[in-house]
Amino acid sequence: MKVKRKIIQIVEELCDGCGNCIPACPEQAIQIVETKDGIKAKLVKEFYCDGLGACLGSCPTGALTIEEKESEAYNEEATVERIKEVAPEMLETHLMHTKEHAGALHDRQVNAVKKINLNKTVYELTEGNYSA
């Protein structure tokens with residue numbers, strides 16, 4: 001389910017494909033891909049990005065920004081599995097990053113769950129299936 005949250009945006013026109021954002025992202029949510037316009041950074045999946053912006057300062061061209069929009073909710077479990085698969089040496093960095101920002105992540109996750117539950121309640125009321 002999509003929720004309104006902060007997430008990284010990559011302006012493709014500004015990205016030169018340098019790859020500095022890859023090691024700067026503790027979640028390994030960014031990868032370098034070949035596009036018709038050359039090598040560019042891309043968000044792997046929305047739910048890998050925690051939206052805290054650890055990668056922002058690494059981009060020499062300013063291609064990385066944080067935007068608040070409807071996107072898939074951050075998924076810590078899937079993110080840890082990805083890190084183990086593609087960059088196991090980053091797991092400790094990710095865990096320290098998560099610990100440093102635990103309050104912000106927790107608040108975002110709680111708010112996302114509240115929105116999901118609220119949407120479900122509204123849906124159930126609309127469908128006449130609500131039971132208190």
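## Overall layout

Take the contacts in this chain between residues at least 6 apart in sequence: 70% of them join residues at least 24 apart. Keep in mind that what you're looking at is a predicted model. The chain has four helices and four strands, and reading along the sequence gives you the pattern β-α-β-β-β-α-α-α.

As for burial, 34% of the 132 residues in the chain count as buried. The surface that the chain exposes comes to about 8,000 Å², with carbon and sulfur atoms supplying 52% of that area.

## Salt bridges across the chain

There are five salt bridges in the structure. One of them pairs Glu 46 with Lys 2, where the closest N and O atoms sit 3.7 Å apart. Lys 2 belongs to strand S1 (residues 2–10) and Glu 46 to the loop between strand S3 (38–43) and strand S4 (64–72), so this pair ties together parts that are 44 residues apart in sequence. The two partners don't get the same label for accessibility: Glu 46 is buried, at a relative accessible area of 16%, while Lys 2 is partly exposed, at 46%.

Another salt bridge joins Glu 12 and Lys 42, and here the closest N and O atoms are 2.7 Å apart. This one also links distant parts of the chain, with Glu 12 in the loop between S1 and helix H1 (21–24) and Lys 42 in strand S3, 30 residues away. Glu 12 is partly exposed, with a relative accessible area of 22%, and Lys 42 is partly exposed as well, at 31%.

## A neighbouring pair and a network

Lys 36 and Asp 37 make a salt bridge too, with 3.6 Å between the closest N and O atoms. Lys 36 counts as exposed, at 80% relative accessibility. Elsewhere, salt bridges with shared partners join Lys 2, Glu 46 and Lys 69 into one network.

## Helix H2 and its cover

Now for helix H2, which spans residues 76–86. Which of its residues are buried? They are Ala 78, Thr 79, Val 80, Arg 82 and Ile 83. What covers these buried residues includes strand S2 (30–35) and helix H3 (91–100).

The start of H2 has a polar detail that you may want to pull up in the viewer: a side-chain oxygen of Asn 75 comes to within 3.1 Å of the backbone nitrogen of Glu 77.

How values were computed
Residues are numbered from 1 along each chain as its sequence is written. Side-chain values use heavy atoms; hydrogens and water are left out. A salt bridge is a side-chain nitrogen of Lys or Arg within 4 Å of a carboxyl oxygen of Asp or Glu. Helices (H or I, at least four residues) and strands (E, at least two) are DSSP runs, numbered from the N terminus. Buried means under 20% relative accessible area, exposed over 50%, partly exposed in between (1.4 Å probe, protein chains only). Contact means heavy atoms within 4.5 Å. A polar contact is a pair of N or O atoms within 3.5 Å; within protein, one must be able to donate a hydrogen and the other to accept it, and residues adjacent in sequence count only if both atoms are side-chain atoms. Accessible areas come from the Shrake-Rupley method with a 1.4 Å probe; for residues, only the protein chains shown count as cover.
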